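Reader: I have the structure open next to the sequence and would like to go through it with you. Could you start with a loop and then move on to the helices and the core?

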Amino acid sequence: MRYDLLIKNGYVVDYATGREGYFDVAVQNGLVTAVESSISGSAAQEIDASGKLVLPGLVDSHVHASAWLGGSYAHAMLIKAGVTSALDMSGPGTSVLELARGYGVGLNLATIEYVRPGHTVSTADPAAAELQELLERVLRQGSLGIKLLGGHYPLTVAATARAIKTAADMGAYTAFHAGTAEHGSNIEGMLEAVELADGNPLHLAHINAYCRGTVRPETEETELALKALMDSPNISCESYLSPLNGTSAEIIDGLPGSMVTRRCLKTGGFTEDEAGMEAALLAGWAQVNYPQGQEMTLLTGEPARDYWLEQKTLVSVSFAVNPVGPRVRLATAKKADGGFIVDAISTDGGGIPRNVLLPAGLALVDLGGLTLQELVAKISYLPAQMLGLTNKGSLAAGWDADITIVDRLRRSAFATIIGGQVCYMDGKILGRGGRIITTAAGADYVRSQGLEPLIVDLADSSVLRKARK
């Protein structure tokens, strides 16, 4: 037998099949053909994975890949981190597609469109008809649905509930950075979001972001969040393991435009205005996401302040506001039946420099917080199910040959393989192009943009399925 690709001698870990041990993996026509203790035959390409982990391709259920948030760098940063599929969590969708066309390195990428007053909706209280019109347009343009940016740019309570219900009625994907005109991006906003969903399907973004100890002690907030999730099977979610968040440093009329940025300044003891933003940059509390080479890096002090001013404040910044206790607890918490309360581990990265699925996830394994199979569940199989990628997230025969080979000692990706093509290996980016994960409604538009659609049925998404049970 002659294969397209043969991976030899690796330590395979696959949650979906329960397989773990030393196996060879054969790939033909973009699919996994066989996983056996020893596979004979030749291959057009062979990789010796001795001493390395061989995992189903990583799926990051929360990244940023638009022009606003380092999108031209996101593709290379994700592929080097071992990610094979990802969900851009804000858009603009047209920007995500444009950058994928120009900077793609093989990644499968989905996007959802941001909902922001004065940008994609007219006011903070859009009517159902306006929300439906927005959804129809963005679905035609290749997005899976919408994301409410409540923590940053809130809608009214009533409009938030309308948006969730309108999307549910249309069978679209809805994500929510919790927060409304009544409650902010904290545990109160998170609990409000659960109520506003009212049984409808909802992807509640980065649960850890609401457990920073700003309202109650962080441990108490964490347990409140977990209880709310256990009581609300219609809610899907992810959490991330980086101490850093990501937000906008844009100043509008002397104040940070994002409410999250204002709260981060307050947490660090800085005034919630332009002067406070400048002081936070100089002190290193705020770190500018700065382009350098093929990726975004973090810049502090005077260089950060100068770049922020040079860009007329239109830069993204990071604050180290995520306590370690909630990060670990949320990543590992289980239900009585052994299932995870929080569906997936994400990064909120992409063009934001915190693509730490492997280094942070493997550190958690080394500390005994997760087994290797459980880690694979949370960074591959379960997030693939969230996106309706029914043939990804496993190394079973017949499944898509999306594979991440991991240097366990360095806790980093050695190779990233997508559809049987080696897109990254040993420090070199080899892939080009990629596919846009979209519905049938957006496939023609994706093609018109010179991109290949990967069509999913959102009825297969676990986010929507959970709400129907």
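Author: Gladly, and please keep in mind that this is a predicted model. A place to begin is Pro-92, which sits in the loop that runs between β7 and α2.

Reader: Which peptide bond there is cis, and what is its omega?

Author: The bond that leads from Gly-91 to Pro-92 is the cis one, and its omega is near 5°.

Reader: And α2 itself, which of its residues are buried?

Author: Helix α2 covers residues 93–103, and the buried ones in it are Gly-93, Ser-95, Val-96, Leu-97, Leu-99 and Ala-100.

Reader: What do those buried residues of α2 pack against?

Author: They pack against two helices and three strands, namely α1 (71–80) and α13 (443–448) on the one hand, and β7 (83–90), β8 (105–115) and β25 (433–438) on the other.

Reader: Let's switch to helix packing. At what angle do α3 and α4 pack?

Author: Helix α3 (residues 128–140) packs on helix α4 (residues 157–169) at about 45°, and their axes are 9 Å apart. An angle outside the ranges for roughly parallel, roughly perpendicular and roughly antiparallel counts as oblique, and α3 and α4 are therefore oblique to each other. The crossing in which α3 passes α4 is right-handed.

Reader: Which residues make that contact between α3 and α4?

Author: From α3 the contact uses Ala-128, Leu-131, Gln-132 and Leu-135, while α4 brings in Ala-159, Arg-162, Ala-163, Thr-166 and Ala-167.

Reader: How do α4 and α5 cross?

Author: Their axes come within 9 Å, and the crossing is at roughly 55°, which makes α4 oblique to α5. Here α4 passes α5 in a right-handed crossing. On the α4 side the residues are Val-157, Thr-160, Ala-161 and Ile-164, and they meet Glu-192, Leu-196 and Ala-197 of α5.

Reader: OK, now the core. How many residues are in the largest nonpolar core, and which have the most contacts inside it?

Author: It has 59 residues, and the ones with the most contacts inside it are Ile-146, Tyr-173, Met-190, Leu-204 and Ile-207. Helix α5, residues 187–197, gives the most to this core, with six residues. There is also a second, separate core of 35 residues, and Val-13, Leu-58, Leu-241 and Leu-370 are included in it.

Reader: What is Leu-204 in contact with, once its sequence neighbours are set aside?

Author: With neighbours within four places in sequence left aside, the contacts of Leu-204 include Phe-176, Ala-178, Met-190, Ala-193, Val-194 and Tyr-210, and also Ile-235, Ser-236, Cys-237 and Glu-238.

Reader: Just along the chain, what about His-206: where is it placed?

Author: His-206 is in the loop between β11 (202–204) and α6 (218–230). Its phi is near 25°, which is a positive value in a residue other than glycine. Its relative accessibility is 3%, so His-206 counts as buried.

Reader: Thr-313 caught my eye as well; what is its phi?

Author: The phi of Thr-313 is near 70°, again positive in a residue other than glycine. Thr-313 belongs to the loop between α9 (301–310) and β18 (316–318), and with a relative accessible area of 8% it is buried.

Reader: Is Asn-289 buried or exposed?

Author: Asn-289, which lies in strand β16 (residues 287–292), counts as buried because its relative accessibility is 2%.

Reader: Which side chains does the side chain of Asn-289 make polar contacts with?

Author: One polar contact is with the side chain of Ser-316, at 2.9 Å, and another is with the side chain of Ser-318, at 3.3 Å. If neighbours within four places in sequence are left aside, the residues in contact with Asn-289 also include Met-296, Leu-298, Tyr-307 and Ile-352.

Reader: Last two. Where is Tyr-153 found, and what does it touch?

Author: Tyr-153 is in the loop between β9 (145–148) and α4, and at 13% relative accessibility it counts as buried. Not counting residues up to four places away in sequence, Tyr-153 touches Val-115, Arg-116, Pro-117, Ser-248, Gly-257 and Ser-258.

Reader: And Ala-44, buried or exposed?

Author: Ala-44 counts as exposed, because its relative accessibility is 59%. This residue is part of strand β4 (residues 42–48), and, leaving aside neighbours within four places in sequence, Ala-44 is in contact with Arg-2, Tyr-3 and Asp-4.

Technical notes: Residues numbered from 1 in each chain as written. Predicted model: local features only at pLDDT ≥ 70, side-chain atom pairs only at ≥ 80, totals over all residues. Heavy atoms only, no water. Core = buried A, V, L, I, M, F, W, Y, C linked by side-chain atoms within 4.5 Å. Buried < 20%, exposed > 50% of the residue type's maximum accessible area, 1.4 Å probe, protein only. Helix = DSSP H or I, 4+ residues; strand = E, 2+ residues; numbered from the N terminus. Contact = heavy atoms within 4.5 Å. Polar contact = N/O pair within 3.5 Å; in protein donor to acceptor, adjacent residues only side chain to side chain. Axes fitted to C-alpha atoms, helices over the stretch in contact; angles between N-to-C directions. Parallel < 35°, antiparallel > 145°, perpendicular 65-115°, else oblique. Left-handed = near helix turned anticlockwise from the far one by under 90°.
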